Every structure is written in C-alpha cells, then in structure tokens.
Amino acid sequence: MTPSSKPVMTAAVLTHFGGPDALVLHRDWPRPSPLAGQVLVKVTAAAVNNTDIWTREGAYGLPEDPSAKAAWLGTFDFPRIQGGDVVGVVVEVGAGVDKATVGRRVLIDPALYPSDDVNASPVGYLGSEADGGFADYVVVDATHAYDVHDSPLSDEELACLPVAFGTAMAMLDRAHAVAGETLLVTGASGGVGLALVQLGAALGARVVAITSGSKGDVVLANGATAAVTRDSADLVQQIRTAAPDGIDVVADIVGGDGLASLMPLLKDNGRWVIAGAIAGPVIEFDLRRLYLHNVQLIGSSMHTRAHFARLVELARAGSVHPVISGTYPLAEIAEGQSEFLARRHIGKIVLLPNGN
Ligand SMILES: NC(=O)c1ccc[n+]([C@@H]2O[C@H](COP(=O)([O-])OP(=O)(O)OC[C@H]3O[C@@H](n4cnc5c(N)ncnc54)[C@H](OP(=O)(O)O)[C@@H]3O)[C@@H](O)[C@H]2O)c1
C-alpha cells in the first residue's frame with residue numbers, strides 16, 4: 001500500500017439475487033473504517049447459514065407475491081457482503097471506543113436492533129442490511145463485539161454460534177419450553193437443528209429429533225433421547241413410539257407438509273414454534289387441529305440482545321459444543337455453499353478469510 005492508496009481487502013460480494021455466480025470474489029474491495037462508536041474486526045472465521053443462501057437467491061417472497069425475489073425485509077441494497085456469523089480480532093477502534101479493545105478476540109452479535117431494549121426484536125442483520133463477515137474485515141458497533149478471549153472454544157467453533165444457537169435459544173424461549181417437557185426438533189442435524197437438540201437437552205427436555213439417513217447417531221450423541229427418520233413412511237408412528245405421552249413443543253425449522261401431519265401429535269396447550277421453511281413455505285393445514293386443542297403457533301425470527309448475552313456466557317463457559325462439518329478458505333465460498341446445499345453436512349460449515 002502506498003501512503004495515498006486506500007486499504008483494500010478480499011471480500012465475497014453479492015451483486016444481485018441469483019445462483020452461486022451472483023457472489024463475486026474481489027481481492028481489492030475497499031476496507032471499511034470504523035466510525036465513532038464502531039470497531040474494525042479482522043475476521044478469523046465466518047460460518048455459512050441457510051439464510052445466506054435464501055438472501056442470495058432472493059427466496060423470501062413478498063406478502064402479495066410469495067414467489068417474488070426478495071430479501072427477508074423485502075428490499076435489498078447491492079452490492080452487499082454477506083455473513084452473519086463472525087468471529088475475529090479488533091484491529092482498530094473509532095472515536096469514543098476504549099483503545100484497550102484493540103487485540104481482543106470478539107464474537108459479533110449480527111442482529112441490528114431498533115432500540116436499546118434488551119428484548120427488542122431485530123430489524124436487520126449483518127450480511128443483509130449491513131456488510132457482514134464474508135470478507136477479511138468487517139465494521140460493527142462496539143456494543144455488538146462481545147469479548148470471548150477466555151472461551152475454550154476455537155474461532156471456528158465460536159463462529160457457529162450467533163445465527164444457529166441464537167435462533168435456537170430464542171425459539172425455545174418464545175415457546176416457553178421447560179425441563180421435563182417433550183420437545184420435537186425438525187431438521188435436527190443442521191445448524192439450527194443441532195443447536196436446538198443441544199440447548200433443549202441442556203434445558204432438561206426429552207428431545208425427539210427428526211433427521212435423515214445415517215445422521216441419527218450424531219443427533220443422539222448431542223443429547224437427543226430418540227432419533228426418528230423423516231424419510232421413512234412410518235414417521236408419525238416412530239414419533240408416537242418415542243413420545244407415547246405426546247409432544248409439548250415442536251421446534252420446527254423445516255415447515256412444509258409436516259406441519260399438517262405432525263400437529264395432531266401435540267398435547268393440548270402444546271406450542272409449535274417455527275423459524276424456517278426448508279421443506280416448503282406455502283402450505284395447507286387443518287385449523288381445527290390447532291384451535292380445538294388450544295395449540296399455539298409461534299413465529300420466531302433471530303434472537304434478542306438478552307438471548308445473545310446468554311449465548312456469550314455459554315460460549316465463555318465452554319458449555320456449548322458446536323459441531324463443524326467442514327471448513328473452506330473464503331476464496332472457496334462457492335464450494336462451501338454447494339456442500340451446504342447438498343445437505344450431507346452435520347452441524348456447520350465455516351469459511352476462513354485472511355488466507356487461513
Ligand atoms: N428465523 C430465523 O431467525 C432463522 C435463523 C436461521 C435459520 N433459519 C432457517 O432455519 C432453517 C435451517 O437453517 P440451517 O442454517 O440450520 O440449515 P441447515 O444446516 O441446512 O439445516 C437444515 C436441515 O433441515 C433438514 N432438511 C433439509 N431439507 C429438508 C426437507 N426437504 N424436508 C425436511 N427436512 C429437510 C436437514 O436435516 P436432516 O437431514 O437432519 O433432516 C438439514 O440439515 C432454514 O430454513 C433457515 O432459513 C431461520
């Protein structure tokens with residue numbers, strides 16, 4: 001860098017809604033500078049989420065047109081650096097931020113909040129409404145960079161936490177899941193699913209996990225009491241056998257037709273909390289199965305500041321154990337996302353910027 005030239009970085013930049021080619025790797029993208037109250041973080045690990053893929057594809061639809069290309073809030077500004085799961089080291093601070101922060105290992109809360117209320121729901125997130133971690137550097141508000149210098153987890157493991165574990169923690173909280181209840185988890189081998197299994201078991205719930213193929217053993221090793229296979233014809237009977245007294249809470253990230261077929265398994269006053277729709281966003285189900293049994297259907301989007309603070313405590317105590325299925329250099333983001341979409345993975349896929 002010459003004295004007059006601006007610093008640059010490598011970044012995977014989303015240029016439009018589309019397939020993998022909508023993501024373009026630039027090695028000379030302008031490196032951001034921290035403004036007042038912000039920190040510049042050198043990214044050491046950034047995990048992949050289904051949310052990145054749906055945002056890249058514009059798969060969120062619009063209320064008036066479910067098939068419209070749109071981001072989760074509808075409109076979207078290009079170009080954008082995606083990546084909501086960020087771990088790194090603070091390398092520069094803006095005005096008003098303690099200089100002692102420089103050099104600190106931090107885990108980033110990717111949610112953008114409308115107020116200081118610790119229970120406020122997000123109105124944006126890093127990688128969608130602001131640039132995220134699929135780059136060598138990212139700028140965030142200093143209050144979003146949580147100190148994790150003493151966590152026994154590796155950077156790769158920490159990067160698995162914000163979106164997947166944050167979403168899982170918020171789902172269990174919003175459904176008021178408590179110890180002794182029976183919790184049914186869908187998509188149990190994925191990022192959010194495995195987090196639900198771990199956090200549900202830690203809560204003291206009996207976790208019945210729906211998974212596929214040969215992933216049952218890993219799901220059981222992560223705390224499930226029973227694993228049932230979604231690709232078998234007798235799924236409903238398998239769940240009845242695993243939970244003869246019925247289900248208290250369904251934590252669902254899959255959606256699709258399972259909602260109609262599995263809702264009758266809920267006990268009276270049961271709760272169905274939903275945070276994803278991988279098996280289909282537009283469905284039909286019998287409303288009588290809902291109202292005749294006082295079942296609550298609860299939508300859940302991301303986490304709150306209060307949830308994230310609890311997650312950081314767990315990370316610092318080493319009481320969560322993210323499962324990493326694979327790591328890829330940032331330059332191989334297309335391969336990493338392609339492996340993610342093959343859905344052979346268990347847990348998380350992590351990208352490593354800065355030539356790691
Ligand atoms: N609301 C929020 O704030 C929020 C936040 C994060 C993610 N999400 C959503 O949550 C969902 C999961 O995200 P993720 O990052 O955990 O993805 P992921 O790692 O790919 O996990 C998804 C899992 O769902 C299962 N699955 C895939 N296709 C399926 C199908 N057709 N039918 C039934 N099950 C299927 C698979 O698990 P098995 O093989 O074990 O069945 C897969 O591993 C996505 O829809 C994502 O958009 C929402």
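1. Two residues are taken to be in contact when their C-beta atoms, placed from the backbone, lie within 7 Å. With that cut-off, the cover over the buried residues of α10 includes β1 (8-14), β2 (23-30), α1, β17 (324-329) and β18 (348-352). The model discussed here is a predicted one.

2. On the overall build: the chain has 10 helices and 18 strands. Its radius of gyration is 20 Å, close to the 21 Å that the globule rule gives for 356 residues, so the chain is as compact as a globular protein of that length. Along the principal axes, the C-alpha atoms fill a box of roughly 70 × 40 × 40 Å. Buried residues make up 47% of the 356 in the chain. If contacts are restricted to residues at least 6 apart in sequence, 68% of them join residues at least 24 apart.

3. On the domains: the assignment divides the chain into domain 1 (8-162 + 303-352) and domain 2 (176-299). Domain 1 is therefore written as two segments, with domain 2 falling between them in sequence. The centres of domain 1 and domain 2, taken over C-alpha atoms, are separated by 28 Å. Contact between the two involves 11 residues of domain 1 and 10 residues of domain 2. The domain 1 side of this contact has 5 nonpolar, 5 polar and 1 charged residues.

4. On the ligand: where does the ligand lie with respect to domain 1 and domain 2? Both domains give residues to the shell around the ligand, so the ligand lies between them. There are 30 residues around the ligand, of which Gly187, Ser189, Gly190, Thr211 and Gly276 come nearest. Two or more shell residues come from each of the elements α1 (50-57), α3 (161-174) and α4 (191-203). By class, the shell has 12 nonpolar, 15 polar and 3 charged residues.

5. On helix α10 (residues 333-341): its buried residues are Ile333, Gly336, Gln337 and Phe340. These cover an arc of only 95 degrees around the axis, which puts them on the same side of α10. An α-helix has 3.6 residues a turn, so residues three or four places apart point the same way. Just after α10, arginine 343 takes a positive phi of about 55 degrees.

6. On isoleucine 349: this residue is found in strand β18, one of the elements that cover the buried residues of α10. Is isoleucine 349 buried or exposed? Isoleucine 349 has 20 C-beta neighbours inside 10 Å, so it counts as buried; the cut-off for that class is 20 or more. Leaving aside residues up to four places away in sequence, isoleucine 349 touches Ala47, Val48, Ser325, Gly326, Tyr328, Gly336, Glu339 and Phe340. Gly336 and Phe340 also appear among the buried residues of α10. The C-alpha atoms of isoleucine 349 and threonine 327 are 5.8 Å apart, although 22 residues separate the two in sequence.

7. On threonine 75: this residue is found in the loop between α1 and β4 (80-81). Threonine 75 has 8 C-beta neighbours inside 10 Å and so counts as exposed, the cut-off being 12 or fewer. From threonine 75 to glycine 58 the distance is 9.6 Å, C-alpha to C-alpha, and the two are 17 residues apart in sequence.

Methods:
Residues are numbered from 1 along each chain as its sequence is written. This is a predicted model: local features need pLDDT of at least 70, side-chain atom pairs count only at pLDDT 80 or more; totals for chains, interfaces and linings use all residues. Ala, Val, Leu, Ile, Met, Phe, Trp, Tyr, Cys and Pro count as nonpolar, Asp, Glu, Lys and Arg as charged, and the others, Gly among them, as polar. Helices (H or I, at least four residues) and strands (E, at least two) are DSSP runs, numbered from the N terminus. The radius of gyration is taken over C-alpha atoms; the globule rule is 2.2 Å times the number of residues to the power 0.38. A residue is near a molecule or strand if its C-beta atom, placed from the backbone, lies within 6 Å of it. The arc is that of the directions from the helix axis to the C-beta atoms.
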